[in-house]
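Colleague: Hey, got a minute to walk me through this one? I'm new to reading models.
Modeller: Sure, here it comes.
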Amino acid sequence: MEFVKDLEDRLLFAVPKKGRIYEKCIELLKGCDIHFNRSSRQDIALCTNLPIALIFLPAADIAKYVGEGNVDLGITGQDIVVESEVEDKIREILELNFGKCRLSIEVPVKGEFQTLESLVGKRIVTSFVNTTAKLFAPLDAAAGKKTSIKHVSGSVEAACALGLADGIVDLVETGESMRAAGLHDIHDLMKTQSVLIANKKSKHTDLIQKITSRVRGVITAHQYVLCTYNVERKNLPLTSKITPGRLGPTVSALDSHDGWVAVSSMIAIKERGQILDQLTECGATDIMVMAFTNCRV
């Protein structure tokens, strides 16, 4: 009971307790300067520097807890939000740029059924029963058939080989597990990634805004680096086009070299090689690139 009292007046923030995006979530929390100590046997951790309680839940349950419970914030997949049928009860605040994959129908490569329409009235196994049912409902109605949709929580790829299904609906990231099971995808239900979601009825609006700002800063820091260089002022118009920054490059005069300036600007990580080549061609020198862990833009 004492532990329950500790949750009073704290924002409840649900994150996956394990699985493929757990480590990404922990890295994100560290980048947001959210400090906590978690016992190996506890699924609740109190933050030491903010009025937040982290709730570690199965990823498949988080959307339901945020949408229909008292949890204020959560990190889960867009696919889970749809499957939990809580789209109207939560706010999707930010896409987090990790956990990207597709929810797809998969069938045996050499199987009899190779189209979505051919699976109508057949056996489908999935952990996404609600989403799958919505897909097949109009197809069943048009064909006058009833597709069997059964729930399996794990090892879905094995269902066809073990005679349980004619096709499956599962997440595809790299496709390695799918191909190893002798399957291929024939139809995408949706593209999905991890998102930050909020309870529409949460009373912690100011704290949600603060956390959102921090999360956005970490995401931006993973997409950009800080580029600094020296260049003659006469070449500044050229280099400014290469490194325009978000609002414009920061420029200051070099006291030691008349007619030269020092420039700093944020550049996209994926374009840094090309940008450095172009700066060199424009006469820039002492070019450096530095990473940062967080920012506000």
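Colleague: What separates K64 and E68 in helix α3?
Modeller: About one helical turn, because K64 and E68 sit four residues apart in helix α3. Helices here are DSSP runs of H or I with at least four residues, strands are runs of E with at least two, and both are numbered from the N terminus.
Colleague: Anything I should know about the model itself?
Modeller: It's a predicted model, where local features need pLDDT of at least 70 and side-chain atom pairs count only at pLDDT 80 or more, while totals for chains, interfaces and linings use all residues. Residues are numbered from 1 along each chain as its sequence is written, and side-chain values use heavy atoms, with hydrogens and water left out.
Colleague: Back to K64, what does K64 form with E68?
Modeller: A salt bridge, with the closest N and O atoms 3.9 Å apart. The term means a side-chain nitrogen of Lys or Arg within 4 Å of a carboxyl oxygen of Asp or Glu.
Colleague: How many salt bridges are there in the whole structure?
Modeller: The search finds eight. One of them joins D43 and K17, at 3.0 Å between the closest N and O atoms. D43 is in the loop between α2 and β2, K17 is in the loop between β1 and α2, and the two are 26 residues apart.
Colleague: And which residues share a network with D43?
Modeller: K17 and R38, through salt bridges that share partners.
Colleague: Which side chain meets D188 in a salt bridge?
Modeller: R102, at 2.8 Å from N to O. That pair links strand β10, where D188 sits, to strand β6, home of R102, 86 residues apart. D188 is partly exposed at 35% relative accessibility, and R102 is too at 22%. Partly exposed is the range between buried (under 20% relative accessible area) and exposed (over 50%), using a 1.4 Å probe and protein chains only.
Colleague: Switching topic: what volume does the largest pocket have?
Modeller: About 1000 Å³. A pocket is an open set of points on a 1 Å grid over the protein atoms alone, where a 1.4 Å probe fits, with protein on both sides within 12 Å along at least five of seven lines; lining residues have an atom within 4 Å of a point. The volume is the space filled by probe spheres set on the points.
Colleague: Which residues are closest to its centre?
Modeller: R20, S127, F128, D170 and L171, out of 40 that line the largest pocket.
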